[in-house]
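Here are my notes on the chain we discussed, set out as numbered points. Please read them alongside the coordinates and tell me where you would put things otherwise.

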Amino acid sequence: LAAASLLRKKGGSLVDQKEKVTMEEEGKESPEDKVIFTDYNPTVLENLQTNIDLNKEYLDQANTSVLGLDFFDQEDRETSWMDMGGTQQPQVSLILAAEILCYSNDATLVAGTIQAALTEGGQ
C-alpha cells in the first residue's frame, strides 16, 4: 500500500533561501516545519499514527500529522488540497511519494493532486 508524505519546511535545504528572504521582506510568515503522512486506506492511516506514537520521543508530534488523501477529491483545486475529512489544506513545498499509482487511470488524478498540493517552485 502506498503512503505519500507531504512536507512543509522553512529554512534548511527544503525551501529555497531566496523564497524565504522574499517572504520575510514582504512580511509574510514562512510555513512552519511540518510532516504530513497521507494515504487512502484507513488501516494504513492507523498504522502511520501508531508509528508516530511509538516514536514520539524522536518526533515533534505537534508538527507531525496523519491525514487521509483521496485523489478523486482534488478536482478543480489550484492552490490547496482537500483531506478526506473535508478540510482544505495549504500547499506544501515538498512531496515524497512511493507506489501511488495502483491503476493506470490514476495517473491523471495523481498529477492533478500534486499540482494542487505543491507550491510553485516546490519539489
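1. Helices and strands here are DSSP runs, of at least four residues for a helix and at least two for a strand, numbered from the N terminus. The model is a predicted one, and on this definition the secondary structure of the protein chain comes to 3 helices and 6 strands. Followed along the sequence, these elements give the pattern β-α-β-α-β-β-β-β-α.

2. On the overall packing, 36% of the 123 residues of the protein chain count as buried, where buried stands for under 20% relative accessible area. Among the contacts with a separation of 6 or more, 63% are made by residues 24 or more positions apart. The accessible surface of the protein chain is about 8000 Å², and carbon and sulfur atoms hold 50% of that surface.

3. Turning to the strands, E2 (residues 34–39) pairs with E3 (residues 64–68) in the parallel sense, and 5 bridges link the two. Within this pairing, threonine 38 has leucine 67 in E3 as its bridge partner, while aspartate 39 stands opposite glycine 68 in E3. Between E2 and E3 the chain passes through helix H2 (residues 42–54), and the resulting β-α-β crossover is right-handed.

4. Which residues of E3 point one way, and which the other way? Thr64, Val66 and Gly68 point to one side, Ser65 and Leu67 point the other way, and all of them are buried. As a general matter, side chains in a regular strand alternate between the two faces of the sheet. The count for E3 is accordingly 5 buried residues of 5, and the strand is described as mostly covered.

5. Helix H3 (residues 106–117) can be checked for its length: with 12 residues at 1.5 Å a residue, the helix should span 16 Å, and its end C-alpha atoms are indeed 16 Å apart, so expectation and model agree. The expected figure takes 1.5 Å times one less than the number of residues.

6. How are the buried and exposed residues of H3 arranged? The buried ones are Asp106, Leu109, Val110, Thr113, Ala116 and Ala117. These residues cover an arc of only 130° around the axis, and therefore lie on the same side of H3. Thr108 and Gln115, on the other side of H3, are exposed. The cover over the buried residues of H3 includes strand E4 (80–82) and strand E6 (94–96).

Key:
Residues are numbered from 1 along each chain as its sequence is written. This is a predicted model: local features need pLDDT of at least 70, side-chain atom pairs count only at pLDDT 80 or more; totals for chains, interfaces and linings use all residues. Side-chain values use heavy atoms; hydrogens and water are left out. Buried means under 20% relative accessible area, exposed over 50%, partly exposed in between (1.4 Å probe, protein chains only). The arc is that of the directions from the helix axis to the C-beta atoms. Contact means heavy atoms within 4.5 Å. Two strands pair if DSSP finds at least two bridges between them. A crossover is right-handed if, with the strands pointing away from the viewer, the path from the first strand over the helix to the second runs clockwise. Accessible areas come from the Shrake-Rupley method with a 1.4 Å probe; for residues, only the protein chains shown count as cover.
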